[in-house]
Amino acid sequence: MITCENLVKIYKTADIEVMALQGLNLEVKQGEMMAIIGNSGSGKSTLLNMLGGLDRPSAGRLTIDGIDMQKLTDQELSRYKRETAGFVWQNKARNLIPYLTARENVEIPMLLHDRKEKRKRAIELLEAVGLGHRLNNRLEQLSGGEQQRVAIAISLANRPKLLLADEPTGALDTRTSAQVMELLRNLNAQLGITIVIVTHDLDLAKQVDRVVAIRDGRTSSEMIRRADEIEAADGAGGSAESDDTHVEYAVMDRSGRLQVPEHYLEAIGARNADKVLLRLEEERIVLLPAHWKSHEKM
Ligand SMILES: Nc1ncnc2c1ncn2[C@@H]1O[C@H](COP(=O)(O)OP(=O)(O)OP(=O)(O)O)[C@@H](O)[C@H]1O
C-alpha cells in the first residue's frame, strides 16, 4: 500500500535548512494497522503529511496505492487528499466545527451531491462509530471521546483506503483512549482500511499489529510486535526465557547496508566502533564487537 524509499524532506526557512526526513524507508501493507513512534522532532508528523498528500517529499520515492506521489499535479494531489486518505488529528479544531451537529460535521467533506444520500451515509458512519444516539447533538455538547469518534466518522466519509491519525488519543484519558483505539481496530478489521497512527505513547503502540520507530528522521526500525514472531525469534536466538532478549527488524537497503539501532551497538560495547565482527552460523548472522575472541563464551 505504502512504499517510502530513501525519503528526504528538507524545510527551508529564511536562513536555515532543516532535514526533517533523512532517507527514510518504510513499507506498509494493504489492510495493516501500524504505529509510528519516535521522540519529538523525529519527523513523525512530517512523514504523516507526506502520506496524506499535504506536503511533498524533497527527494526519494513515495508510492501510495500504486500512485507515484512525486508525479502528481497539484490538482491530482487535491483529489488524492479528498479521496484516498482520511485524517484524524489530535487537535479537534482541525477535525470539527463546534456549533454544527455531529451529523452536519460528517456531511461536510462528502463528495456526494444528493442531500438525502449524504444524510444517510452520515448516519451510517456515526452509527458505525457508536454515536447513533448523538446524531443531532452539537459538537460542543459531546465529550472528548465522542468528538474524536465524530472525527473518525468524518475521516471515513469519502471511503478512503488509508486512514492517518496523528496522536488520535493524545487529548483523552486512558479509558476513553482505549475505546477510541478499539474503534480503530474494529474499523481496520471490518473495512480492511489501512491505518497509520503517529504517537509517542508506547502503550498505545502496543495495541496495533506493528510498530515502526523513527529516529532523527533518518531510519526506521521495525519492532516486531506480534507475540508469535517474538517467540519465533527468541527460539532462533536460543534464549526464549530471557527478558533481556530484544528483537527488532532493521531496514536493509538494496546493497545489503544495514543500520543497526544505536542501543544495540551500545549493548555490545560497539557504539563508536568503526568495525564489528559478523559471524555466519548455520542460519543466522551474529554481530559482535570487533575485539571479540572465539574462545569467549556466547
Ligand atoms: N514547516 C516547517 N518548517 C521548518 N522546520 C520544520 C517544519 N515542520 C517541521 N520542521 C522540523 O522538522 C523536524 C521534524 O518535525 P516533525 O514535526 O515531523 O516531528 P515530530 O516527530 O512529529 O515531532 P512531535 O512529536 O513533537 O510532533 C523538526 O526538527 C521540526 O522542527
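Q: Which domains does the domain assignment of the chain give?
A: The model is a predicted one. Its chain carries a domain assignment with two entries, given here with their residue bounds. These are domain 1 (2–215) and domain 2 (260–298).

Q: What distance separates the centres of domain 1 and domain 2?
A: The centres are taken over C-alpha atoms. On that basis, the separation between domain 1 and domain 2 is 40 Å.

Q: Which strands pair with E1, and how many bridges join each to E1?
A: Strand E1 covers residues 2–12 and runs antiparallel to E2. A hairpin of four residues links E1 to E2, and Ile 2 stands opposite Val 28 in E2. E1 also runs antiparallel to strand E4 (residues 59–64), where Ala 59 is the bridge partner of Val 8. The counts are nine bridges for E2 and five bridges for E4.

Q: Which element gives the most residues to the shell around the ligand?
A: The shell holds 13 residues, of which Tyr 11, Ala 20, Ser 40, Ser 45 and Thr 46 come nearest to the ligand. Strand E2 (17–28) and helix H1 (44–51) are the elements that give two or more residues to this shell. The one that gives the most, with three residues, is H1.

Q: How do the residues of the shell around the ligand divide into nonpolar, polar and charged?
A: Each residue of the shell around the ligand is placed in one of these classes by its type. Gly counts among the polar residues and Tyr among the nonpolar ones. The division is three nonpolar, nine polar and one charged.

Notes:
Residues numbered from 1 in each chain as written. Predicted model: local features only at pLDDT ≥ 70, side-chain atom pairs only at ≥ 80, totals over all residues. Near = placed C-beta within 6 Å. Domains from an automatic or database assignment. Pairing = 2+ DSSP bridges.
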